Amino acid sequence: MSKSPTSYSDLADRVVRHYKKTKRDLPWRKNRAAYKVWISEIMLQQTRVAAVIPYYERWFNRFPTVEALANAPLDDVLAHWSGLGYYSRARNIHTSAKELHQHYGGQLPQDAKELRSLPGIGRYTAGAISSIAYGKREPLVDGNVARLLSRVFEIEEDIKSTSAIKQLWELCTKMVPAGSPGEFNQGLMELGALVCLPKNPKCGHCPLEPVCLAHAHDRTGELPVQAKRKKDSDKPLLERDALFVIRRGKILLAHRVPKGLFGGLWELPQTPSRPELAGLLSLSLSFHGKKPGMVHSQVLSHRRLCIRVWPASAEGRTKLAASTSYQALKWYPLSQLTTLGISSASKAIFQNIAELRAINREQQ
DNA sequence: AAGTCGGGGAG
DNA sequence: CTCCCAGACTT
């Protein structure tokens with residue numbers, strides 16, 4: 001890495017001034033209460049601003065305070081996270097809320113180190129809460145900041161490498177100003193999100209253009225250096241057979257254990273192959289067709305998911321076999337599925353089921 | 001240091 | 001199709 005092209009305080013001033021002038025009017029910028037900053041920062045992890053906004057607005061109607069959140073059932077919390085992905089974030093928020101309610105009087109601590117003791121709050125989020133909500137001089141580095149600073153300072157190493165990450169945090173630790181740390185941190189991220197784009201950065205609109213090494217050397221297209229990611233088509237295919245059965249107006253659902261993939265969510269009971277379904281559920285099944293009623297495919301971060309849905313009739317009393325994936329079964333009214341935590345894949349399947357049933361009713 | 005954990009919008 | 005997003009946690 002090259003020597004800094006200008007003083008850190010000059011650089012920070014440029015960022016803060018530009019941020020004050022051009023910042024977007026986002027919901028979480030109306031109110032800097034620590035609880036609200038916390039929830040927004042968790043929702044924004046690996047998630048785009050546009051995707052978060054409706055979830056953020058809905059959240060505080062149902063969970064207006066840390067205490068309300070601590071006292072809510074996990075199903076309710078996951079229902080309000082349905083479709084956002086990375087569901088451990090919601091589980092960790094719930095666990096943290098109970099911890100905050102019990103031991104911190106419902107208040108988030110101001111100290112970054114103390115914040116990091118809460119599940120789901122890592123180095124980035126602790127810095128964000130501490131600086132934005134409490135005005136503490138704490139740095140933060142996210143994907144936007146890493147890209148921006150790798151260009152400004154011409155960091156040549158892979159920005160995911162331990163060495164580059166260490167450099168980035170050291171840089172930010174030095175740069176973050178005592179006077180307006182929250183605005184500086186948000187300003188860096190805002191620049192990364194709107195100006196210092198991955199491709200075709202808008203250097204003409206950047207307050208750091210005069211001091212940016214990559215721009216000076218016409219290398220914004222080469223930086224940051226990043227390892228190639230795995231192509232979707234190279235991800236292993238996970239095929240599952242799911243059971244769709246309705247009895248007395250209720251659909252049979254399975255509750256996943258609260259960890260791992262889709263932890264704590266509800267879905268159609270599914271197994272690696274169709275013959276295993278009856279054993280999992282202790283039911284006598286007769287399938288309605290030789291072909292699945294529908295097939296849903298979806299790409300996840302590390303695999304491709306393909307779920308075949310098999311309509312069937314069932315006899316017997318459900319009893320969940322010992323399972324590494326499920327903790328419970330439940331017959332549930334199809335119309336009330338919005339009150340449970342379900343993934344986007346399940347949401348699509350349930351919607352498809354509802355539409356097919358509506359068509360069948362019209363034809364009768 | 002590498003793997004796991006979702007989902008969707010942009011191009 | 002591929003790319004990447006206001007990361008954290010486990011192994």
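Which backbone atom lies 2.3 Å from a phosphate oxygen of DNA strand C? In this predicted model, the answer is a backbone N or O atom of Gly120. I shall take that contact as my starting point, proceed through the two DNA strands, and then turn to the helices.

Let me begin with DNA strand C. The strand is surrounded by 26 residues, and the closest are Arg48, Gly120, Asp142, Asn144 and Arg147. Of the atoms of DNA strand C that come within 4 Å of the protein, 62% belong to sugar and phosphate. The bases are also reached. A polar side-chain atom of Arg48 is 2.7 Å from a base oxygen of DNA strand C, and a polar side-chain atom of Tyr124 is 3.4 Å from a base nitrogen of that strand. Helix 2 (34-44), helix 8 (123-134) and helix 9 (143-152) are the elements that give two or more residues to this surface. By class, the surface near DNA strand C consists of 10 charged, eight polar and eight nonpolar residues.

I now move to DNA strand B. Here 19 residues surround the strand, and Tyr87, Thr162, Phe262, His302 and Arg303 are the closest. Sugar and phosphate make up 57% of the atoms of DNA strand B that come within 4 Å of the protein. Three polar contacts deserve mention. A backbone N or O atom of Gln46 is 3.0 Å from a base nitrogen of DNA strand B. The side chain of Thr47 places an N or O atom 3.2 Å from a base nitrogen of the strand. At Tyr86, a backbone N or O atom is 3.1 Å from a sugar or linking oxygen of DNA strand B. The surface near DNA strand B comprises 11 polar, six nonpolar and two charged residues.

Next, the helix packing. Helix 8, which contributes to the surface near DNA strand C, packs with helix 11 (residues 181-194) at an angle of about 130°, the axes being 7 Å apart. The two helices are therefore oblique to each other, and their crossing is left-handed. On the helix 8 side, the contact involves Tyr124, Gly127, Ser131 and Ile132; on the helix 11 side, it involves Pro181, Gly182, Asn185, Gln186 and Met189. This contact has five polar, four nonpolar and no charged residues. Tyr124 thus appears twice in this account: in the contact with helix 11 and beside a base nitrogen of DNA strand C.

Helix 11 also meets helix 1 (residues 8-22), with axes that come within 8 Å and cross at roughly 75°. Helix 1 and helix 11 are therefore roughly perpendicular to each other. Ala12, Val15, Val16, His18, Tyr19, Lys20 and Thr22 in helix 1 face Glu183, Phe184, Gln186, Gly187, Leu188, Glu190 and Leu191 in helix 11. The classes here are seven nonpolar, four polar and three charged. Gln186 is listed both in this contact and in that with helix 8.

Finally, how do the axes of helix 2 and helix 6 (residues 88-103) cross, and within what distance do they come? They cross at roughly 160° and come within 10 Å, and the two helices are therefore roughly antiparallel to each other. The crossing is right-handed. Helix 2 supplies Trp38, Ile39, Ile42, Met43 and Leu44, and helix 6 supplies Arg89, Ile93, Ser96, Ala97 and Leu100. Eight of these residues are nonpolar, one is polar and one is charged.

Conventions
Residues are numbered from 1 along each chain as its sequence is written. Chains are lettered from A and ligands numbered from 1 in the order in which they are written. This is a predicted model: local features need pLDDT of at least 70, side-chain atom pairs count only at pLDDT 80 or more; totals for chains, interfaces and linings use all residues. Side-chain values use heavy atoms; hydrogens and water are left out. A residue is near a molecule or strand if one of its heavy atoms lies within 4 Å of it. A polar contact is a pair of N or O atoms within 3.5 Å; within protein, one must be able to donate a hydrogen and the other to accept it, and residues adjacent in sequence count only if both atoms are side-chain atoms. Helices (H or I, at least four residues) and strands (E, at least two) are DSSP runs, numbered from the N terminus. Ala, Val, Leu, Ile, Met, Phe, Trp, Tyr, Cys and Pro count as nonpolar, Asp, Glu, Lys and Arg as charged, and the others, Gly among them, as polar. Axes are lines fitted to C-alpha atoms, for helices over the stretch in contact, and angles run from 0 to 180 degrees between N-to-C directions. Angles under 35 degrees count as roughly parallel, over 145 as roughly antiparallel, 65 to 115 as roughly perpendicular and the rest as oblique. A crossing is left-handed if the near helix is turned anticlockwise from the far one by less than a right angle, and right-handed if clockwise. Contact means heavy atoms within 4.5 Å.
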